[in-house]
Amino acid sequence: MSAHDAYFSQLQAALQKEGMLRPSLIVDLDRLDHNIDQAVAIARQAGKALRLVEKSLPSFPLLDYIARRAGTRRLMSFHQPFLNLDAQHWPDADILLGKPMPVAMAELFYQALQGEFDPQRQLQWLIDTPERLQQYLALAQRRGIRLNVNLELDVGLHRGGIPEGEAGVLMLRELLRVIAEHPQQLVFTGFMGYEPHVAMLPRLFGAPARLLAGAMATYQARVDQVQREAPELWAQALAADGQPALTLNTAGSPTYRLHDQEQVSNELAIGSGLLKPTHFDLPSLATHLPALFIATPVLKCVNTLNLPGIGWLPQVLSRLGGRGRRALFIYGGNWLAEPVSPAGLAPSAMYGTSSNQQVLLAPDDVALQVDDLVFMRPTQSEAVLLQFGDLLAVRGGEIVERWPVFTG
Ligand SMILES: Cc1ncc(COP(=O)(O)O)c(C=O)c1O
């Protein structure tokens, strides 16, 4: 009897055929296609563009694959070395920073920039405070360049940016004033308002629809303020002549599907939800399929857990902790991941964990042998994707490509 269901048995056979008896990361392209198509359908229905969250999908072949199927060249970048790679690899990309970069990193970006990518037409820096805007203004003056400024809005996440309420009105007024006074150095290109709390908070804090309505009301008020107080900056952003198109960014995987009705934003960000690691097992992503798995071989099987130590205590604890279970030592471990196949695998709190040979306790009847594989689902994609070397792209249960991941 196989320890795995048909899906994981087929994956195991494919990896064993290739001799992949080390920890590896699998992207299921059939499932990825399904998830991409979901996102494309929602964006199309809402009349919005999709922007791919590069940190959550840090592999160019993976990003290329998704971008081609989704028909987008928009990226959201979060890390200066990756930003330089994006510009080099995707010279036609439209890139928005997803977090405010220390100005020293922005300067390094320009120093390291190679190739055709034209930041003045294709790159928006994210600015969260008047102090940072002054730093970027100084950078633009120093280098004799013009920078596109996208302003970070706090629409309820409370992770910084232009705050809600009257304080936000004053801060935005100040930011717009500085931009308007320095047209040779600074250009207003839009807003970014990220709102994962809408889907992540317990219901006690408010229903998603109500939280989203609140977030988008804040967003709308900021848009109205620019139109009212700086109509020439708004008109310039709309005209988008020699600069990126007006970018009113919002959402992320947990919330993108909730934006089908609102009329404020013009693009939705998405990354992790296309692979659906376990943190994205949310009601709002119920129709997405898990498409990312760690596979790793069993190195040793023992029929009972044996805790180290002498005397009766370790023996009693072993019996209690390992009752009815076999102990499997796997190749590697300690990843941000949860065992998924065979069913019933669990780490041992008593034995502890290991990045070298982690123990997993398995129900007694799990027929797993040395060199069989166990499968896990990463809890998140961004860190885990960088830990296994090339991704194994699988279609129809066969490995079809090997995709390098980002380094930097
Ligand atoms: C600004 C911003 N937008 C969007 C996202 C969504 O990314 P994902 O779809 O991978 O959750 C994130 C994630 O951290 C973010 O910081």
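**A two-domain predicted model: group meeting talk**

The C-alpha centres of domain 1 and domain 2 lie 38 Å apart, and I would like to start from that separation, keeping in mind throughout that what we have in front of us is a predicted model. Domain 1 is made of two stretches of the chain, 6-26 and 289-403, while domain 2 covers 29-277. Where the two domains meet, domain 1 contributes 19 residues to the contact and domain 2 contributes 17 residues.

Let me stay for a moment on the side of domain 1 that touches domain 2. The elements giving two or more residues to that side are strand 15 (373-378), strand 16 (391-395) and strand 17 (398-403), and the largest share, 4 residues, comes from strand 16. If we sort the residues on this side by class, we find 11 nonpolar, 4 polar and 4 charged.

Now for the protein as a whole. There are 12 helices and 17 strands, and the C-alpha trace spans about 75 × 50 × 45 Å along its principal axes. The chain has 408 residues, of which 46% count as buried. As for how the chain comes back to itself, among the contacts between residues at least 6 apart in sequence, 71% join residues at least 24 apart.

Next, a pair of helices. How do helix 7 and helix 8 run with respect to each other? The axis of helix 7 (residues 130-143) and that of helix 8 (residues 165-181) come within 10 Å of each other and cross at roughly 10 degrees, and angles under 35 degrees count as roughly parallel, so these two helices are roughly parallel to each other. In their contact, helix 7 offers Pro130, Leu133 and Leu137, and these meet Met171, Glu174, Leu175 and Val178 of helix 8. By class, the contact of helix 7 with helix 8 has 6 nonpolar residues, no polar ones and 1 charged.

I turn now to the ligand. The residues around the ligand include Val53, Ser56, Met76, Gly98 and Tyr194, and further along the chain there are Gly252 and Ser253, followed by Ala269, Ile270, Gly271, Ser272 and Gly273. Which classes of residue make up the shell around the ligand? By class, the shell has 5 nonpolar and 7 polar residues, and no charged ones.

Let me come to some details of the backbone. Ala251 has a phi near 70 degrees, which is a positive value in a residue other than glycine. Ala251 sits in the loop between strand 8 (247-250) and strand 9 (267-270). Is Ala251 buried or exposed? It has 30 C-beta neighbours inside 10 Å, and a residue with 20 or more counts as buried, so Ala251 is buried.

Asp371 also has a positive phi, of about 80 degrees, although Asp371 is not a glycine. Asp371 belongs to the loop between strand 14 (359-363) and strand 15. Here the burial reads otherwise, because Asp371 has 11 other C-beta atoms within 10 Å and is therefore exposed.

There is also a cis peptide bond to point out, which joins Ser341 and Pro342 and has an omega of about 0 degrees. Pro342 lies in the loop between strand 12 (337-341) and strand 13 (346-347).

To finish, I have picked two residues whose surroundings can be followed on the screen. The first is Gln357, which is placed in the loop between strand 13 and strand 14 and counts as partly exposed, with 14 C-beta neighbours inside 10 Å. If we leave aside its neighbours within four places in sequence, Gln357 is in contact with Leu299, Phe329, Ile330 and Gly333. By way of a distance, Gln357 and Leu386 are 29 residues apart in sequence and, from C-alpha to C-alpha, 20 Å apart in space.

The second is Pro61, found in helix 3 (residues 60-70). Pro61 is partly exposed, with 16 other C-beta atoms within 10 Å. Not counting residues up to four places away in sequence, Pro61 touches Glu401 and Trp403. Pro61 and Asn334, in turn, are 273 residues apart in sequence and 27 Å apart in space, again from C-alpha to C-alpha.

Definitions and conventions
Residues numbered from 1 in each chain as written. Predicted model: local features only at pLDDT ≥ 70, side-chain atom pairs only at ≥ 80, totals over all residues. Domains from an automatic or database assignment. Contact = placed C-beta atoms within 7 Å. Nonpolar A, V, L, I, M, F, W, Y, C, P; charged D, E, K, R; others polar. Buried ≥ 20, exposed ≤ 12 C-beta atoms within 10 Å, placed from the backbone. Axes fitted to C-alpha atoms, helices over the stretch in contact; angles between N-to-C directions. Parallel < 35°, antiparallel > 145°, perpendicular 65-115°, else oblique. Near = placed C-beta within 6 Å.
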